[in-house]
Amino acid sequence: MSLTLRPMTESDWPEWIAVDEEAFGNAFPAHRVELFRNNTEFDRSLGAFEGGLLVGVTAVCSFTMTVPGGPIPVGGVTAVGVLPSHRRRGVLTALMTRQLADLHERGEAVAALYASEAAIYGRFGYGRAADSLFFDIPTRGTALAPHAPADPALRLRIVRPAESREVFEKVFEAALDSRPGLYARTSARWDAVLSDHEADQNGAGPLRAVVAEDDGGPRGYALFRIKAGVTEHDEPDGELRLKELFGLDPAAYALLWRHLLDRDLVARVKAWSRPSDDPLIHLLAEPRRLRAGWLDDLWVRIVDVGRALPARRYAAPVDVVVEVEDAVCPWNAGRWRLTADTEAARCAPTGEAADLVLPVTALGAAYLGGRSLTALQAAGVVREARAGAVRELSAALSWEPAPWAGLVF
């Protein structure tokens, strides 16, 4: 089929929303459409047209994202959709290939996304770089362990979310560099986080918030909703749905969770998109009460190997020659010598023999420090040419805490 690719304009907005609604099978509430529009950079969008018909869309958010060692510019890929009538006709491939070329030309070495379907984006070089947990915690009989940290200087304060935005922003900004994957939030993105229309509530009532603070200021907050309910025997059966929780230190973190689990008339706490190494795992006296599940979080694509690898720090010294396989971004394909210590790194093309061979998906999966190359080797994804090379690079790329973005974009 004959396609024309170009950036979207304001006048294309109704058609853009129509394509995404058809692709995702949703009817987006009007206020959500406006929030999405406020977060959209039209010059970084891309539409695929067949004649005059818009058949596919994608966009990029300009992010500053934390990677091991500090923040870097990252292209946040979002709103990818193709009309169901035009699937498997090359539309998505055309969009994603052009988008990666645009990112490369712009100088962004790394792209990231949340995948609507996990099987899609490996074809374009994205690797599963971060995981998340979800919890379904019955509150009855659930207690924190005796070792749970506490600080007598801390206190809790119930606040109205709409009136306490500056508090949340202050805490989040302080937490931003603490974990790979977290990205700076614009004013428009905070608007979306704190949106409290009826469609946002999904039957669970208004957005609520609690702040942990001392005389020096806020040290953490939680945003949540409560769906009230009782059993047929008139026993409390409320459900607390956690939206997000950040604590700047162990005591504040534990106090916020203690509050959520102790709320009157709440029978269970449901939390989605929590870090894979969430401290709560170790805070409960009986961790099985978490009733946890495991999902993918961020997917990362190395757009420019030569710039991406030196942009982060490493947990251990390493000197390896990596042969990268990349059919979509040919400028990445070939052998690269990575030399790094814990302070700085260098990466350049080389003609030396490879120590290991890997697809660019594996490099993206390991980039934030949360995916073991040795596990990928065991799965047949990474191939070793020099004994011990995979373990060396895997140890150098590893990082703590685990990567996690926490907010779908």
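Colleague: Where is the place of W272?

Modeller: W272 sits in strand β12, which covers residues 266–275. Keep in mind that this is a predicted model.

Colleague: Is W272 buried, exposed or partly exposed?

Modeller: Read the relative accessible area. Buried means under 20%, exposed over 50%, and partly exposed lies in between. W272 has 44% relative accessibility, so it counts as partly exposed.

Colleague: Which residues form a nonpolar patch with W272 on the surface?

Modeller: F134 and L295 join W272 there. Together the three have about 290 Å² of accessible area.

Colleague: How far is V360 from W272, C-alpha to C-alpha?

Modeller: The separation is 29 Å, and the two residues are 88 apart along the chain. V360 is found in helix α10, residues 360–366. V360 has a relative accessible area of 4%, so it is buried.

Colleague: Now helices. What should I look for?

Modeller: Start with the turn. An α-helix has 3.6 residues a turn, so residues three or four places apart point the same way. Then look at length and cover. Take α7, residues 250–261. This helix has twelve residues. From first C-alpha to last, α7 reaches 17 Å, close to the 16 Å expected at 1.5 Å a residue.

Colleague: How many residues of α7 are buried?

Modeller: Nine of the twelve, so α7 is mostly covered, given that buried means under 20% relative accessible area. The buried residues are A251, A252, Y253, A254, L256, W257, H259, L260 and L261.

Colleague: What caps the N-terminal end of α7?

Modeller: D249 does. One of its side-chain oxygens lies 3.2 Å from the backbone nitrogen of A251.

Colleague: What about polar contacts between side chains? Which residue does H86 contact?

Modeller: H86 meets S85, and their side chains are joined by a polar contact of 2.8 Å. H86 is found in the loop between β4 (70–82) and α3 (91–106). Do not assume that a loop residue is open to solvent. H86 has 7% relative accessibility, so it counts as buried.

Colleague: Next, cysteines. How many disulfides does the structure hold?

Modeller: Zero. The test is a sulfur-to-sulfur distance within 2.5 Å.

Colleague: Why does C61 have no bond to the closest cysteine sulfur?

Modeller: Because that sulfur, in C329, is 19 Å away, too far for a bond. C61 counts as buried, at 6% relative accessibility.

Colleague: And C329? How far is its sulfur from the closest cysteine sulfur?

Modeller: The closest is in C347, 15 Å from the sulfur of C329, and again too far for a bond. C329 is buried, with a relative accessible area of 0%.

Colleague: On to charge. What is the general idea behind a salt bridge?

Modeller: Side chains of opposite charge can pair when their charged atoms come close. This structure holds 33 salt bridges.

Colleague: Which residue forms a salt bridge with E108?

Modeller: R44, with the closest N and O atoms 2.5 Å apart. Now place the partners. E108 lies in the loop between α3 and β5 (110–113), and R44 in the loop between α2 (30–38) and β2 (45–50), so the pair ties together parts that are 64 residues apart in sequence. Both E108 and R44 are buried.

Colleague: Which residue forms a salt bridge with R165?

Modeller: D191, with the closest N and O atoms 2.5 Å apart. The pair links distant parts of the chain, 26 residues apart: R165 is in helix α4 (residues 165–175) and D191 in helix α5 (residues 187–193). R165 is partly exposed, with a relative accessible area of 21%. D191 is partly exposed as well, at 31%.

Colleague: Which residue meets R225 in a salt bridge?

Modeller: D196, at 2.5 Å from N to O. R225 lies in strand β10 (residues 217–227) and D196 in the loop between α5 and α6 (198–201), so the pair ties together parts that are 29 residues apart in sequence. R225 is buried, with a relative accessible area of 8%. D196 is partly exposed, at 31%.

Colleague: Which residues do salt bridges that share partners join into one network?

Modeller: D237, E239, R241, R268 and K270.

Colleague: One last residue. Where is W336 found?

Modeller: W336 is in strand β16, residues 334–340. W336 is buried, with a relative accessible area of 10%. The C-alpha atoms of W336 and V159 are separated by 52 Å, and these residues are 177 apart along the chain.

Methods: Residues are numbered from 1 along each chain as its sequence is written. This is a predicted model: local features need pLDDT of at least 70, side-chain atom pairs count only at pLDDT 80 or more; totals for chains, interfaces and linings use all residues. Side-chain values use heavy atoms; hydrogens and water are left out. Patches are made of residues with over 30% relative accessible area and no salt bridge: like charges are joined within 9 Å, nonpolar side chains (Val, Leu, Ile, Met, Phe, Trp, Tyr) within 5 Å. Accessible areas come from the Shrake-Rupley method with a 1.4 Å probe; for residues, only the protein chains shown count as cover. A salt bridge is a side-chain nitrogen of Lys or Arg within 4 Å of a carboxyl oxygen of Asp or Glu. Helices (H or I, at least four residues) and strands (E, at least two) are DSSP runs, numbered from the N terminus. Buried means under 20% relative accessible area, exposed over 50%, partly exposed in between (1.4 Å probe, protein chains only). The expected span of a helix is 1.5 Å times one less than its number of residues. A polar contact is a pair of N or O atoms within 3.5 Å; within protein, one must be able to donate a hydrogen and the other to accept it, and residues adjacent in sequence count only if both atoms are side-chain atoms.
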